[in-house]
Amino acid sequence: MRRLTLTAAVAAAAAVALALSGCGSNTPRGEGDAAPAVVKWGVAALNTNWDPIVTGATGATTTMTPIYESLITRGEDGKLHPALATSWEYNDEGTAVTFTLREGLTFHDDSPVDAEAVKYFIERAKRQENSALAGSYENIDTVEVIDDLTFVVHLKTVDYQLPYLLSNRAGLITSKVAAQKDPQALNTSLPVGAGPFKVVSLVPEDKIVLEKNPDYWDADEIHIDRIEIDGGNDPSTLVSSLQTGVYNFATITPALIEQAETAGFDVIRDPKTNWVISFLSLNLNKEPFTDPRVVEAVRYAIDRDEIVKKGYLGYADAVNQVFPEGHLGYDPSLEDEYAYDPAKAKQLLKDAGYEPGDLSLTLYPFTASDPNAEIIQSQLGAVGITVDIEIDPNWAKGYFGKEYALALYGYVGRDSYVQALTEHFSDGGVLNLSSPYTSPEFAEALAKVRATPTDDTEAYGEALTQAAAAGYRNGSTVALATGTYIWAKDPSISDSDEHIEGRLGWKGVRITSDD
């Protein structure tokens, strides 16, 4: 398997190839007098929201990280590294963190990347009505500005995971000036960050064009001049579009892997940094899931092996929890709970007063192209639950507004493992369809993992596993399978120097020609 670790979300989530002719020296484009280095990236669907605070689609991180930069990054070594911030230090009690920013940085609108901008971002994430980060920021109390480059984040309780939280989507800082002037434009038509690329044009849900930001703090490592991302593609046509030169980079589905490799394209699958877990969301506040027996019946009715075989064509692994095997928070004992048992599912439904055909549900998948929706429809039908699949063009409103009883979604791995848990299981969690429901057992376990220093790997891993198990037993998230984001690229695009969990990085990437 060829691998390019242009590391991302989605999650998941879920890329016009440069026509190269002649032969010769493989000259890097975009350098000297060479032609500009342009990535033309085809996707099935473009982001609806471009403000990191507003988007609840974790896979959107892969297309937002060229625009925005986080305060900190987390490397392939698992350690935190400077980005917009050069240092961070906890107080002795673990209840406050002092950050220092790089000097002289600006956003794409030339406004300063300073402590006031970061404070405004954090406060907006906590208080803005449509914030998808409110649950992730629930343990942040206040932000104190010391000077232009220094600020202190004060916490409600001891919380050693904060720097990890700020190392990816939750720390992708937006321009204060842009957010104050027109937050709607920031989200839908003119995103303004401090990342390696700035927005030239954006046609909502259709096309976004980015150009290299010469003022980026690490601009010497960026060798791509322009990224053009086209949405609205039929997923089945993306490899053909690579072959005909429409794109040189594409986000593809498992069904296209063999076609892409046979055609000579590099296929990127990196489960270490870009794992995605698909899951069913159950709303425990809505009938029939107010009855725990119905929740258990659904859990026993799911055959994850069939989902891996048919939905992912074998390019995934069955999983029963929100962390994949090998993750620090993975609990192997949970895989034995709620093993596929349709007979037990039928009995639980009968105990709850439902005969076959009595119970009807509507399933709302995130995308119309998700093959898992029909598989789940069949599996639930086999135990007597009639399932209608509805494609809602306003899915985000229904899901994040907690209007659905049953939905199908996926999420991309987080640099903050605690954030992965709070988003699924906390009372303000963006992925918790049952919000504001959370269990006392999870709240207690969450407090413990937050109070455990992350450098004490054994103790932190144990606390994380316990919190993950407590959340799992809530029943509101039913994990299905873990796969990866899949990209196909023209071989003229080189590998990346970045190996960062949960994002698609462009440092060190070059495009060569045979001129």
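Arg450 is a suitable place to begin: at 7% relative accessibility, this residue counts as buried, because buried means under 20% relative accessible area. The model in which Arg450 is seen here is a predicted one. The side chain of Arg450 meets that of Glu138 in a salt bridge, with 3.6 Å from N to O. Arg450 belongs to helix α14 (residues 440–450), whereas Glu138 lies in the loop between α2 (115–127) and β7 (140–147), so the pair ties together parts that are 312 residues apart in sequence. Unlike Arg450, which is buried, Glu138 counts as partly exposed, at 22% relative accessibility.

Side chains of opposite charge can pair when their charged atoms come close. A search of the whole structure finds 14 salt bridges, and several of them deserve attention in turn.

A second pair consists of Lys507 and Asp218, whose closest N and O atoms are 3.0 Å apart. This pair, too, links distant parts of the chain: Lys507 is in the loop between β20 (486–489) and β21 (512–513), and Asp218 is in the loop between β10 and β11, 289 residues apart. Lys507 has a relative accessible area of 12% and is therefore buried. Asp218 is likewise buried, with a relative accessible area of 19%.

A salt bridge may also be formed within one helix. Glu306 and Lys310 both lie in helix α9 (residues 304–311), where they are four residues apart, about one turn of the helix. Their side chains meet in a salt bridge of 2.8 Å from N to O. Lys310 counts as exposed, since its relative accessibility is 51% and exposed means over 50%.

Charged residues can also be joined in a group. Lys207, Glu211, Arg226, Glu228 and Asp230 are linked in a network of salt bridges.

Another group of charges is found on the surface. Asp220, Glu221, Asp495 and Asp497 form a negative surface patch. One of these residues, Asp220, lies in the loop between β10 (207–212) and β11 (226–230). With a relative accessible area of 68%, Asp220 is exposed; Asp218, which is in the loop between β10 and β11 as well, is buried.

The nonpolar residues complete this account. The largest nonpolar core has 103 residues, and those with the most contacts inside it are Trp41, Leu71, Tyr137, Phe323 and Trp506. Another core, of 39 residues, lies apart from the largest one; among its members are Ile307, Tyr312, Tyr338 and Ala481.

Definitions and conventions
Residues numbered from 1 in each chain as written. Predicted model: local features only at pLDDT ≥ 70, side-chain atom pairs only at ≥ 80, totals over all residues. Heavy atoms only, no water. Patch = residues over 30% accessible without salt bridge, like charges linked within 9 Å, V, L, I, M, F, W, Y side chains within 5 Å. Areas by Shrake-Rupley, 256 points an atom, 1.4 Å probe, with all protein chains shown as cover. Salt bridge = Lys/Arg side-chain N within 4 Å of Asp/Glu carboxyl O. Lys, Arg positive; Asp, Glu negative; His and termini not counted. Charge placed at Lys NZ, Arg CZ, Asp CG, Glu CD. Helix = DSSP H or I, 4+ residues; strand = E, 2+ residues; numbered from the N terminus. Buried < 20%, exposed > 50% of the residue type's maximum accessible area, 1.4 Å probe, protein only. Core = buried A, V, L, I, M, F, W, Y, C linked by side-chain atoms within 4.5 Å.
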